[in-house]
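Hi,

Here is the structure I promised to send over. Have a look at it first, and then read my notes underneath.

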Amino acid sequence: MAEQENDTKNQQLQNLRTELQKHLEKPLAKGDAWFLVDNHWFKQLKKYVGMEGAMFDSGGKEMGEESANPGPIDNKPLFKEDGEDIREHMIDELDYVLVPEEAWDLLVEKFGISETQEPVKRKVVEHGMFVKHCKVEVYYIEFQLAENSNLEETKKKKFSKSDTLEHIQNVMREEFNIATEADTRLWNKYTSNTYEQLARLDNTVQDAGLFSGQLIIIEIK
């Protein structure tokens, strides 16, 4: 009976492995969502489902052994101590691995996710002026935001390169309690005394050539 149970379990793990490997081979496509998974947890998963290369460092544990079960996805090592944001300067495949949304959904369905943890979801963006290549944007760009009536008081906020200026404007309206019917314009501080109007709200952060640390100002007309 136990043998039969083992066979069923191994078959389920093989199915999981096959499905997972298929998802992990998915090419990057602009706009798709990918998720960060702690590398230590992912290595444990590979041992448990018997993915290639995992058997060599599994300490002789057989595929499907309960002692190798990784348990719920635990991304705590990826976060700063306060748990608010991910740690800076992490390295792909050393600190974390990236998995497409389909693989993430499958892993959450099978193993669950540690309580109180938010998934680390990131979008694929295009890089390059002439030769375009896709990359998962793990780290966002931080801007300083201010109202033109009070430039001394700035707020720091992070945005994706694929976010539109309209989205930034909406976030700023909320941050500075500006009425929805108010007519507003966006400006960015170009040099110490030069300001440039960000007129095309359908442009993305990348299109507009904005860089980290830049001051973006909202003006109520």
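Below is what I found on the surface and in one of the helices.

Before anything else, please keep in mind that this is a predicted model.

Let's start with charge. Glu19, Glu101, Asp105 and Glu109 come together on the surface as a patch of negative charge. Helix 3, which spans residues 101-111, gives the largest share of that patch, with three residues. Glu19 sits in helix 1 (residues 2-24). Its relative accessible area is 35%, so Glu19 counts as partly exposed, since that class runs between 20% and 50%.

Helix 3 has another side to its story. Which of its residues are buried? They are Ala103, Trp104, Leu106, Leu107 and Phe111. Looking down the axis of helix 3, you'll see these buried residues within an arc of 165°, so they line one face of the helix. The general background is that an α-helix has 3.6 residues a turn, so residues three or four places apart point the same way. Right after helix 3 comes Gly112, with a positive phi of about 80°.

Now for something nonpolar. Met129, Phe130 and Val131 make a nonpolar patch of about 460 Å² on the surface. You'll find Val131 in the loop that runs between strand 3 (121-127) and strand 4 (133-136). Is Val131 buried or exposed? With a relative accessibility of 67%, Val131 counts as exposed, because the cut-off for that is over 50%.

Happy to go through any of this with you.

Cheers

Definitions and conventions
Residues are numbered from 1 along each chain as its sequence is written. This is a predicted model: local features need pLDDT of at least 70, side-chain atom pairs count only at pLDDT 80 or more; totals for chains, interfaces and linings use all residues. Side-chain values use heavy atoms; hydrogens and water are left out. Patches are made of residues with over 30% relative accessible area and no salt bridge: like charges are joined within 9 Å, nonpolar side chains (Val, Leu, Ile, Met, Phe, Trp, Tyr) within 5 Å. Accessible areas come from the Shrake-Rupley method with a 1.4 Å probe; for residues, only the protein chains shown count as cover. A salt bridge is a side-chain nitrogen of Lys or Arg within 4 Å of a carboxyl oxygen of Asp or Glu. Lys and Arg count as positive and Asp and Glu as negative; His and the chain ends are not counted. The place of a charge is taken as NZ of Lys, CZ of Arg, CG of Asp or CD of Glu. Helices (H or I, at least four residues) and strands (E, at least two) are DSSP runs, numbered from the N terminus. Buried means under 20% relative accessible area, exposed over 50%, partly exposed in between (1.4 Å probe, protein chains only). The arc is that of the directions from the helix axis to the C-beta atoms.
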